[in-house]
Amino acid sequence: MSFLKNLSFAAAMTVAASVAGAETVLIHGEAGPNRGARADALQWFADQVAERSENDLRLDIQWGGALFKANAAVQSIGDGVADMGSVIAVYYPQEMAAYGIADLPVNNPDAWVGMRATDELMRSNPAIAENLAEKNLVYIGTWTTSQVNIGCKGDAIRSVADIAGKKVRGTGAYGKVFGDEGANMVNMSIYDAYQGLDTGLIDCSQGYSYAVAALKQAEVMDNYTLLNWGQVGGVGIFMNKDMFDALSEDQQAVLLETGADLSDEFGRMITTANDNAIAAMKEQGVEVFELPAEERAKLVEGGEKYLAEWVETANRTGLPGEQLLEDYKALIAKYTQERDENGYPWAAGNN
């Protein structure tokens, strides 16, 4: 047993499972708790991997940062602290620049379209695969927080001109654009936004519809504006490359195919959750507005400089930034057309 002590926890568990003659057990590190839409989707992924492999593969999910926190995921997975795990790109603007493309304020609010575009880019681009391999990582699948909207206490945001002077909790580049439009940006976690709105520390909070419901923020909001702008989508599953390469081709295929299907399953889950959240807000008396197309166009234009900044960051890390952005936009157009022509894959008649 002494040799096991020199292995990482994840590797030791995998060896132990192999010795026992059971299935191959993959340790997955997840910084978040075992609740909510993302947790449900991760459990779906784990269940599907077991089912599709006929129990040849199994995930042992370590929830709540038991193995590593969100800001240590990339190094921890690459080093083998876990066989695989959840990665949030915003914590790694340089190391995970390629995946950060999913966080850019491009003109796409659709969660499923964004995930499908991100998944195909990450899965098929040789430059991205090589960049990940340098970190001993392999891409498996993706989630999204879905589109960024904004809820306020007091006057609503019905136009870009309404942004000026408001105290706003922002999200990534979306918050920066609001700051450029005259908002007073407040550095605050989404989990503290309820108290911030309730006490008047902030007037508005950018966020996601399902999160508003989960965090009960509608209790302290008077209105909610659908920006129809973009989303934060750099949230996904990555695997230790050494461990991935050690699996059989059939095992690798199960992980990759299930990871690809995650976009459809989570798209269904998050779209339903967002629709239910907006309906619940209306029932609670929150006024729901939709930003007019001409106003949304102003936000999209305001975000262009942050797209250019991302291209420069990607180029500095050795990636073809401009080409990747063009490819990503083309994929968004591809899946938008697919949705418009065929509907969502989970819609009636598409199953």
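# A guided tour, starting at E338

Begin by selecting E338, which you will find in helix α14, the helix made of residues 321-342. Keep in mind throughout the tour that what you have open is a predicted model. E338 has a relative accessibility of 32%, so it counts as partly exposed, a class that lies between the buried limit of 20% and the exposed limit of 50%. If you now show the residues that E338 touches, leaving out those up to four places away in sequence, you will find W112 and G343. Next, add V113 to the selection and draw a distance between its C-alpha atom and that of E338: the two residues are 225 residues apart along the chain, and yet the separation in space is 8.9 Å.

**The whole chain**

Zoom out until the protein chain fills the window, and colour it by secondary structure. How many helices and strands does the protein chain have? There are 14 helices and eleven strands. The radius of gyration of the chain is 21 Å, close to the 20 Å that the globule rule gives for 351 residues, and the chain is therefore as compact as a globular protein of that length. If you turn the C-alpha trace along its principal axes, it spans about 65 × 45 × 40 Å.

While the whole chain is in view, consider how it is put together. Of the 351 residues, 52% are buried. Among the contacts with a separation of 6 or more, 75% are between residues that are 24 or more positions apart. Switch on a surface, and you are looking at an accessible area of about 15,400 Å², of which carbon and sulfur atoms contribute 48%. Colouring by charge brings out 26 positive and 50 negative side chains, and the centres of these two sets lie 5 Å apart.

**Helix α12 and its two faces**

Now select residues 293-302, which form helix α12, and pick out its buried residues, namely E295, L299 and V300. These buried residues cover an arc of only 150° around the axis, which is why they are on the same side of α12. Show the neighbouring helices as well, and you will see that the buried residues of α12 pack against α7 (172-180) and α13 (304-316). Then rotate the view to the face of α12 that is turned away from its buried side, where the exposed residues E294 and E301 are carried.

**Two loops with a positive phi**

Most residues other than glycine have a negative phi, and the next two stops depart from that pattern. Select N55, in the loop between α3 (37-52) and β2 (57-62). Its phi is near 65°, a positive value in a residue other than glycine. N55 is exposed, because its relative accessible area of 52% is over the 50% limit.

Stay in this loop between α3 and β2 and select E54. E54 counts as exposed, with a relative accessibility of 72%. Measure from its C-alpha atom to that of E23, a residue 31 residues apart from E54 along the chain, and the separation is 9.3 Å.

The second stop is S146, in the loop between β4 (137-143) and β5 (149-152). S146 is not a glycine, but it has a positive phi of about 80°. Is S146 buried or exposed? At 1% relative accessibility, S146 counts as buried.

**Two long distances**

Select A246, which lies in helix α10, residues 241-246. A246 is exposed, with a relative accessible area of 62%. A line drawn from its C-alpha atom to that of W63, 183 residues apart along the chain, covers 25 Å.

The tour ends at Q284, in the loop between α11 (249-283) and β11 (287-290). With a relative accessibility of 49%, Q284 counts as partly exposed, since that value is still under the 50% limit for exposed residues. Which residues does Q284 touch, once those up to four places away in sequence are left out? They are A218 and E219. Finally, add S76 to the view: its C-alpha atom is separated by 43 Å from that of Q284, and the two residues are 208 residues apart along the chain.

Methods: Residues are numbered from 1 along each chain as its sequence is written. This is a predicted model: local features need pLDDT of at least 70, side-chain atom pairs count only at pLDDT 80 or more; totals for chains, interfaces and linings use all residues. Side-chain values use heavy atoms; hydrogens and water are left out. Buried means under 20% relative accessible area, exposed over 50%, partly exposed in between (1.4 Å probe, protein chains only). Helices (H or I, at least four residues) and strands (E, at least two) are DSSP runs, numbered from the N terminus. The arc is that of the directions from the helix axis to the C-beta atoms. Contact means heavy atoms within 4.5 Å. The radius of gyration is taken over C-alpha atoms; the globule rule is 2.2 Å times the number of residues to the power 0.38. Accessible areas come from the Shrake-Rupley method with a 1.4 Å probe; for residues, only the protein chains shown count as cover. Lys and Arg count as positive and Asp and Glu as negative; His and the chain ends are not counted. The place of a charge is taken as NZ of Lys, CZ of Arg, CG of Asp or CD of Glu.
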